[in-house]
Amino acid sequence: MPKHIYINKKISPYNKTIQVSSDKSLSIRTVLLASQAVGISKISNLLESEDVLNTLKTIKKLGINYKKKKNCYEIYGFGLNGFNPKNNTVINAGNSGTLGRLILSLLIKTDKNIKLIGDKSLSKRDFSRVVKPLKLFGANIKLKKNYLPVKIQGTEFLRPINYVEHIGSAQIKTACCFAALNAPGTTFIRARKSRNHTELLFKYLKIPIKVKSNKKFDLIKVKGLHQYNAFNYSIPGDISSSAFFIVLTLLSKNSEITIRNVNVNESRIGLIKILKMMNCKITFKNKRIYKGEKTADIFVKSSKILKPINCPSSLNSSAIDEFLLIFLIAGAKTKGISTFKALGELNKKESPRLDIAIKFLRMIGIKVVRNIDDIKIYGKPKIDLKRNYHVKNFFKDHRIFMMSCIAALTLGGNWKINDKDSINTSFPKFLNILKNLGANIN
Ligand code: S3P
């Protein structure tokens, strides 16, 4: 089977309703929290992508059983620190930064030696950002030069911590909250704003958590050693996966799309806020609250030329996985210069996304000026590509692959895009949905 695809034709106008894959952040968090609950949790519409399947494999290796019944995963939890691994167990987080960082935080009380490994991309990502706070709780952790493999052995003698999370990383914040579950007393976290699914899940599960918010930071208190009961949860659609279809529609001619039942938590909709600042019309319909999380159907139409943006860096965290698409809109749909600041975190994702995005935009003839982690994009709204383009060497980053497909289907040219299997980490149905919308992909 070839590992690349060809796109030589723009997508024809469409008017359709779709459903994207379930949210990855909620899928990983609910599986991990179910593994620490007392009793049988039932999670339906779980995202069945490699990152989540690796989460299930990981809890199994640590002694927690699960069964799939129809559309529902039953997870048999034994309560806090209910893992029962063999000594020297090796767990593999594959490509998933979220799984790798969060699982460590649930192992700070285990009496066995556990080694965490990951794939080539994950082995290049910084783990010191979670190891640092987890060591403060008292766990014994070894890592070489900030990278995997990490060796962890927990301790019974844990203490709560007082920690400042200054990057705006939900993974670090969640690792502190998860670790706090096993620590006696109250852990305080002052966290720069980031997605708050963990806090909402804790509230829903009646885990003692208090959150006070100011403009930039959340002050979070978690009281440890509180057993919580098993739960039922149905995972809504992923806004980060929806983003590809929102942008496809904005860049296409005479098209409309409705994306049903998507999680539109405030801390995740930076893309929508940024696009609205650029004058896009996007509407949420059928707004609901599900277990503390906002959901809605998203409606988008093809758009005329948009306004460039001076993007406030306060939106960076809530659009962190969507910047490749935002850059594409700024480059191919606006007239004028857009600026984006403080995007260094993008280079710490599955691939150095900021570097790769700049190369990509320049490859399709869009001018980009870079000053360390700030960039200026010179919009070219009538862009009509004619040449051959080959997208390669992107460390099999799923989001680079999918963004390239959207560019290829809307801007013209003949494209060869490598590593189609990359979508399996987050959105295995991506190419099928595109084909159902009428895309010609070989
Ligand atoms: C995630 C948080 C973000 C995001 C990642 C998923 C999460 O990472 O990029 O895809 O589920 O907590 P950071 O928290 O490191 O920014």
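**Sheets, a buried helix and a ligand shell**

An open sheet of four strands comes up in the order E4-E5-E3-E14, and its pairing is mixed. Strands here, like helices, are DSSP runs numbered from the N terminus, with at least two residues (E) for a strand and at least four (H or I) for a helix. Two strands count as paired if DSSP finds at least two bridges between them. At the edges sit strand E4 (66-69) and strand E14 (232-234), each of which pairs on one side only. On average, neighbouring strands of this sheet are turned by 20 degrees against each other, direction ignored; the axes behind that value are lines fitted to C-alpha atoms (for helices over the stretch in contact), with angles running from 0 to 180 degrees between N-to-C directions.

All of this comes from a predicted model, in which local features need pLDDT of at least 70 and side-chain atom pairs count only at pLDDT 80 or more, while totals for chains, interfaces and linings use all residues. Residues are numbered from 1 along each chain as its sequence is written, and side-chain values use heavy atoms, with hydrogens and water left out.

Back at the edge of the sheet, E4 and strand E5 (residues 72-78) run antiparallel and are joined by four bridges. Lysine 67 stands opposite glutamate 74 in E5. Another antiparallel pair is made by strand E12 (residues 209-213) and strand E13 (residues 217-223), this time over five bridges. A hairpin of three residues takes E12 into E13, and isoleucine 209 faces valine 222 of E13 across the pairing.

Parallel pairing turns up too: strand E10 (residues 162-165) is joined to E11 by four bridges, with valine 164 opposite arginine 190 in E11. The side chains of E11 alternate, with Thr187, Ile189 and Ala191 pointing to one face and buried, whereas Thr186, Phe188, Arg190 and Arg192 point to the other and are not buried. Buried means under 20% relative accessible area, exposed means over 50%, and partly exposed is in between (1.4 Å probe, protein chains only). Threonine 187 belongs to strand E11 (residues 186-192) and counts as buried because its relative accessibility is 0%. A polar atom of the threonine 187 side chain lies 3.4 Å from the backbone nitrogen of isoleucine 161. That pair fits the definition of a polar contact: N or O atoms within 3.5 Å, where within protein one must be able to donate a hydrogen and the other to accept it, and residues adjacent in sequence count only if both atoms are side-chain atoms.

Next comes helix H5 (residues 170-180). Eleven of its eleven residues are buried, so the helix is largely enclosed by the rest of the structure. Among the buried residues of H5 are Lys173, Cys176, Cys177 and Phe178. At the start of H5, a side-chain oxygen of serine 169 reaches to within 3.3 Å of the backbone nitrogen of glutamine 171.

Both of those residues also appear in the ligand shell, which is made up of Ser25, Arg29, Thr98, Arg129, Ser169, Ala170, Gln171, Arg195, Ile320, Asp321 and Lys349. To qualify, a residue needs one of its heavy atoms within 4 Å of the ligand. By class the shell has two nonpolar, four polar and five charged residues. (Ala, Val, Leu, Ile, Met, Phe, Trp, Tyr, Cys and Pro count as nonpolar, Asp, Glu, Lys and Arg as charged, and the others, Gly among them, as polar.) Polar side-chain atoms of arginine 29 and lysine 349 each lie 2.7 Å from an oxygen atom of the ligand, and a polar backbone atom of glutamine 171 is 2.9 Å from a ligand oxygen. The protein covers 94% of the 380 Å² of accessible area that the ligand has on its own, with areas from the Shrake-Rupley method and a 1.4 Å probe; for residues, only the protein chains shown count as cover. Helix H1 (24-34) and H5 are the elements that give two or more residues to this shell.

A few backbone oddities round things off. Most residues other than glycine have a negative phi, and most peptide bonds are trans. Leucine 148 and proline 149, however, are joined by a cis peptide bond with omega of about 0 degrees, and proline 149 sits in strand E9 (residues 147-153). Asparagine 254 has a positive phi, near 45 degrees. Asparagine 254 is in the loop between helix H7 (239-251) and strand E15 (256-263), and counts as exposed at 66% relative accessibility. Asparagine 261 has a positive phi as well, near 50 degrees, but lies in strand E15 and is partly exposed, with a relative accessible area of 26%.
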